[in-house]
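The exercises below are meant to be worked with the sequence and the coordinates side by side. Each task is followed by a solution that proceeds step by step.

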Amino acid sequence: MNFASILQELSTVNDEPGQQFREVPESVLAAEGSSVTLRCAVDYQQGKAQWTKDGFALGFERGVPGYPRYRYTGDSSIGEHYLVITGVTLQDDGEYQCQVGPTAVATPIWASATVTVLVPPSGISIVGWRDDAVVELIQGSSLSLECRVVDARPAPSVTWYKDGLRIDSSQQEDHEETGSHRRLVTLASRLHVTARAEDDGQQYSCRGGHPALRDATAALVASVTLSVLHIYLTASFAMSISLGISV
């Protein structure tokens, strides 16, 4: 091969488009027990393709050794590299990346997506009170109600109600905590109440919200009812108190 032929070949190589994604994976929400397919397709592929989970390489084999519920599908000859996960569990929650390695003439490319496994809250309660408890308060006193919605993925939400009427969210203080598993979230929501005469018999309830609780019959609710105690002072008793006289 003469020098001119070599230059011609190099020119041809350099004119070829680099490997690029035709389809990138998209993040998904997945219910436990369902199946997920993360799609990845490459044009002008030159390097080898594989998937990673949370930075750990799953390898190049279609069967994904060590992961019996994982497999690669699609026609690899036309750059299709789909990751299928069956029987999704919380362990599958994480970031997945489709990677195509470099070659002497091609740079590596990669694209990421997350699988968020939907885990509904395991329970709800108002701390310190059984559900539908009657809470006695003296008129004018304050009470802090804490509602806890536990062990959900992604994080749950809380909405407070007073006798069925929604309370503005600006009046509540929410705090997320790690649940019983590192990927589960518990939400604690506090509502401060000052007892007034008209609050007697009023029901305060908190409702847990979550994407896995779309059915209204599956809603999580915890409630308490206020019993406001009124103190009436006779004129003589009030005068005695103001004068510091024992009665």
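**Exercise 1. A partly exposed leucine**

Determine whether Leu 229 is buried, partly exposed or exposed, and find the surface patch to which Leu 229 belongs.

Solution. The model is a predicted one, and the classes of accessibility rest on two cut-offs, with buried meaning under 20% relative accessible area and exposed meaning over 50%. Leu 229 has a relative accessible area of 35%, so this residue is classed as partly exposed. In the secondary structure, Leu 229 belongs to strand β19. Together with Ile 138 and Ile 231, Leu 229 makes a nonpolar surface patch of about 270 Å².

**Exercise 2. The nonpolar cores**

Describe the largest nonpolar core, identify the strands that supply it, and state what other core lies apart from it.

Solution. Begin with the largest nonpolar core, which has 24 residues, and in which Leu 145, Trp 160, Tyr 204 and Cys 206 have the most contacts. Next, assign the residues to strands: at least two residues of this core come from each of β11 (123-126), β12 (133-138), β13 (142-152), β14 (157-162), β17 (185-194), β18 (203-209) and β19 (220-229). The most is given by β19, with five residues. Apart from this core lies another, of 23 residues, which includes Ala 30, Val 42, Tyr 72 and Tyr 96.

To see the surroundings of one core residue, take Leu 145 and set aside residues up to four places away in sequence; its contacts are then Ile 126, Trp 129, Trp 160, Ser 189, Arg 190, Leu 191, Val 193, Tyr 204 and Val 224.

**Exercise 3. Salt bridges across the chain**

Locate the salt bridges of Arg 22 and of Arg 183, and work out which parts of the chain each pair connects.

Solution. A search of the whole structure yields 13 salt bridges. In one of them, Arg 22 pairs with Asp 43, and the closest N and O atoms are 2.4 Å apart. This pair links distant parts of the chain, since Arg 22 is in strand β1 (residues 20-23) and Asp 43 in strand β4 (residues 41-43), 21 residues apart. Both partners are partly exposed, Arg 22 with a relative accessible area of 40% and Asp 43 with 25%.

Turn then to Asp 54 and Arg 183, whose side chains meet in a salt bridge at 2.9 Å, N to O. Asp 54 is in the loop between β5 (49-53) and β6 (56-57), while Arg 183 is in the loop between β16 (172-178) and β17, so this pair ties together parts that are 129 residues apart in sequence. Here Asp 54 is partly exposed at 42% relative accessible area, whereas Arg 183 is buried at 14%. Both residues also belong to a network of salt bridges that links Lys 53, Asp 54, Asp 93, Arg 153 and Arg 183.

For a further pair, consider Glu 198 and Arg 196, which form a salt bridge with their closest N and O atoms 3.5 Å apart; Arg 196 is partly exposed, at 41% relative accessibility.

**Exercise 4. Three strand residues**

Classify Thr 116, Glu 146 and His 175 as buried or partly exposed, and list what each touches beyond four places in sequence.

Solution. Thr 116 is placed in strand β10 (residues 109-118) and is buried, with a relative accessible area of 15%. Its contacts are Val 28, Leu 29, Ala 30, Asp 93, Arg 153 and Pro 154.

Glu 146, in strand β13, is likewise buried, with a relative accessible area of 16%. Glu 146 is in contact with Ser 125, Ile 126, Val 127, Ala 188, Ser 189 and Arg 190. The C-alpha atoms of Glu 146 and His 192 are 8.8 Å apart, although 46 residues separate them along the chain.

His 175, in strand β16, is partly exposed at 47%. This residue touches Thr 186, Leu 187 and Ala 188, and its C-alpha atom is 8.4 Å from that of Thr 186, 11 residues away in sequence.

**Exercise 5. Confidence along the chain**

Find the stretches in which the pLDDT is below 50.

Solution. The chain has a mean pLDDT of 88, and 85% of its residues reach 70 or more. Over residues 3-14, however, pLDDT stays under 50, and the model has three contacts beyond four places in sequence for them. Over residues 235-242 the pLDDT is also below 50, and this stretch has five contacts beyond near neighbours in sequence.

Notes
Residues are numbered from 1 along each chain as its sequence is written. This is a predicted model: local features need pLDDT of at least 70, side-chain atom pairs count only at pLDDT 80 or more; totals for chains, interfaces and linings use all residues. Side-chain values use heavy atoms; hydrogens and water are left out. A nonpolar core is a set of buried Ala, Val, Leu, Ile, Met, Phe, Trp, Tyr and Cys residues joined through side-chain atoms within 4.5 Å. Buried means under 20% relative accessible area, exposed over 50%, partly exposed in between (1.4 Å probe, protein chains only). Helices (H or I, at least four residues) and strands (E, at least two) are DSSP runs, numbered from the N terminus. Contact means heavy atoms within 4.5 Å. Patches are made of residues with over 30% relative accessible area and no salt bridge: like charges are joined within 9 Å, nonpolar side chains (Val, Leu, Ile, Met, Phe, Trp, Tyr) within 5 Å. Accessible areas come from the Shrake-Rupley method with a 1.4 Å probe; for residues, only the protein chains shown count as cover. A salt bridge is a side-chain nitrogen of Lys or Arg within 4 Å of a carboxyl oxygen of Asp or Glu. pLDDT is the predictor's confidence in each residue, from 0 to 100.
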